[in-house]
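Student: I'd like to learn how to read salt bridges, helices and buried residues in a model like this one. Could we go through it together?

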Amino acid sequence: MLAVLGMIVATEAASPSRLPVVNARCTTHSALNQGERVAGPDKLDRTDPMLVTVHLPMPSSGHHVSLPIESVLPADSPRLHGEDVEHIYSLAEVDDLPPIIVHRTTMRVIDGMHRLKAAMLRGDDTIQAILHDCDDAGAFVMAVKSNIQHGLPLSLADRKAAAARIVRLYPRWSDRAIAEAAGLSAKTVGAIRRDTPGTAAEVRERVGRDGRVRPLNTVDGRRYASELIALYPDSSSREIARKAGISPSTVRDVRDRLNRGDDPVPARRRPGNPDDRLTPEHKLQERIKSLQSFDCRTDILQKLSKDPAVRLTDKGRAMLRWLSSQCQQTERGEEFLADNAPEHCSELIADLACSFAAAWLSIAGEMRSRSQTQP
């Protein structure tokens, strides 16, 4: 059986034949591939059709075609290390597998390489498939989305590599749009974009998940909007937005800032602001450093346990037990999460940890202010 599987993995399929296209679509706009300007300032608040929309149809009898296995080519797979042999064996024991999805133009598999090799392992001559008519870039995005939605999950390395490729294919896509396609957080995609050379050149706007085109940097637009508001105070926000190349909601924010006497550009968006480079973890660390020095947790608990107001009262002992349990949980947390947390959940868990840390900082501020107000 292993020898047969080895032959399957090494075999290149024959040239594809032309087959009918079923009612399944994957559309892109050529401007994203050709690097054309996606919209002028007067169109920034409209829905733009250039964001690739991949429709994953639910399998139905009307959409299936039976393909000769020899006519199907291997996938342009987002899996860096290829297919999982054990998963192929397990699928080979299943009688009715869902149809695979095949790129109609190239006859390459978009989704279902494990199912295809399982069918080959069983000696099947044909396989049920859904044909999609789209370009190569759209086919790759659909392959990534399909593999994060079902089947054997993509590893974190697979998803990061896929995101880097999507960044190169569609540099005008927003971080959130790519993150949704690759199963990552927007922060991770942003870091990947910064490490991918040549993706930021001449890109002045981004296409979001909703298809809307938005400017990449609103600083200049905010400055220009503030000048327009001063010159034409009775103009509507939408009129100024069209001229300044920003959204009407941004114009309203600029107007409110001017009425308060503030800078039209928020401090965090001004060039050279060091806070732009700080992650939530770094910001919390900076806040902790600004506090007074503190002892290690064990020493603090020992001091509390020797205090008569804590040791000799029910409330004090309950507080001490609760604090001790929190310390133990924190000490075990890193090892526990390292062993049990899925890789693709790391960003969410990091955000949750920052939330816990922020809550504890709030408690610390309250406790320290109470101590400073005592005579």
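Tutor: Gladly, and keep in mind that this is a predicted model. Let's begin with Arg317, which counts as partly exposed because its relative accessibility is 33%, between the 20% and 50% cut-offs.

Student: Which residue forms a salt bridge with Arg317?

Tutor: The general idea comes before the case. Side chains of opposite charge can pair when their charged atoms come close. Here the partner of Arg317 is Asp314, with the closest N and O atoms 2.5 Å apart. Asp314 is exposed, at a relative accessible area of 59%.

Student: Where do Arg317 and Asp314 lie?

Tutor: Both belong to helix α15 (residues 314-340), where three residues, about one turn of the helix, separate them. An α-helix has 3.6 residues a turn, so residues three or four places apart point the same way.

Student: How many salt bridges does a search of the whole structure find?

Tutor: It finds ten. One of them pairs Arg257 with Asp253, and their closest N and O atoms are 3.2 Å apart. These two are separated by about one helical turn, because they sit four residues apart in helix α11.

Student: Is Arg257 buried or exposed?

Tutor: Arg257 is buried, with a relative accessible area of 17%, while Asp253 is partly exposed at 27%. Salt bridges with shared partners also connect Arg222, Asp253 and Arg257 in one network.

Student: What about a salt bridge that links distant parts of the chain?

Tutor: Look at Asp76 and Arg165, whose closest N and O atoms are 2.6 Å apart. Asp76 is in the loop between β3 (65-68) and α3 (85-92), and Arg165 is in helix α6, 89 residues apart. Asp76 is partly exposed at 34% relative accessibility, and Arg165 is partly exposed as well, at 27%.

Student: Now helices. How far apart are the end C-alpha atoms of α9?

Tutor: The way to read this is to compare an expected span with the one in the model. Helix α9 (residues 219-231) has 13 residues, which at 1.5 Å a residue should span 18 Å; the end C-alpha atoms are 19 Å apart, so the two agree.

Student: Which residues of α9 are buried?

Tutor: They are Val219, Gly221, Arg222, Ala225, Ser226, Leu228 and Ile229. Arg222 is also part of the network with Asp253 and Arg257. The cover over the buried residues of α9 includes α10 (237-244) and α11 (248-260).

Student: And how should I read the nonpolar cores?

Tutor: Start with the residues that have the most contacts, then ask which elements contribute. The largest nonpolar core has 20 residues, and Ile166, Trp173 and Ile178 have the most contacts inside it. Two or more residues each come from α5 (136-149), α6 (156-169), α7 (175-182) and α8 (186-195). Leaving aside residues up to four places away in sequence, Ile166 touches Phe140, Val141, Trp173, Ile178 and Ala181. Another core lies apart from this one; it has 15 residues, including Val65, Val102, Met113 and Ala129.

Student: One last case: what does His114 touch?

Tutor: First place the residue, then list its surroundings. His114 is in helix α4 (residues 113-122) and is buried, at 8% relative accessible area. Beyond residues up to four places away in sequence, its contacts are Arg79, Glu83, Asp84, His87, Ile88, Leu91 and Leu152. With Asp84 there is a polar contact: a polar atom of the His114 side chain lies 2.9 Å from the backbone nitrogen of Asp84.

Notes:
Residues numbered from 1 in each chain as written. Predicted model: local features only at pLDDT ≥ 70, side-chain atom pairs only at ≥ 80, totals over all residues. Heavy atoms only, no water. Core = buried A, V, L, I, M, F, W, Y, C linked by side-chain atoms within 4.5 Å. Buried < 20%, exposed > 50% of the residue type's maximum accessible area, 1.4 Å probe, protein only. Contact = heavy atoms within 4.5 Å. Polar contact = N/O pair within 3.5 Å; in protein donor to acceptor, adjacent residues only side chain to side chain. Expected span 1.5 Å × (residues − 1). Salt bridge = Lys/Arg side-chain N within 4 Å of Asp/Glu carboxyl O.
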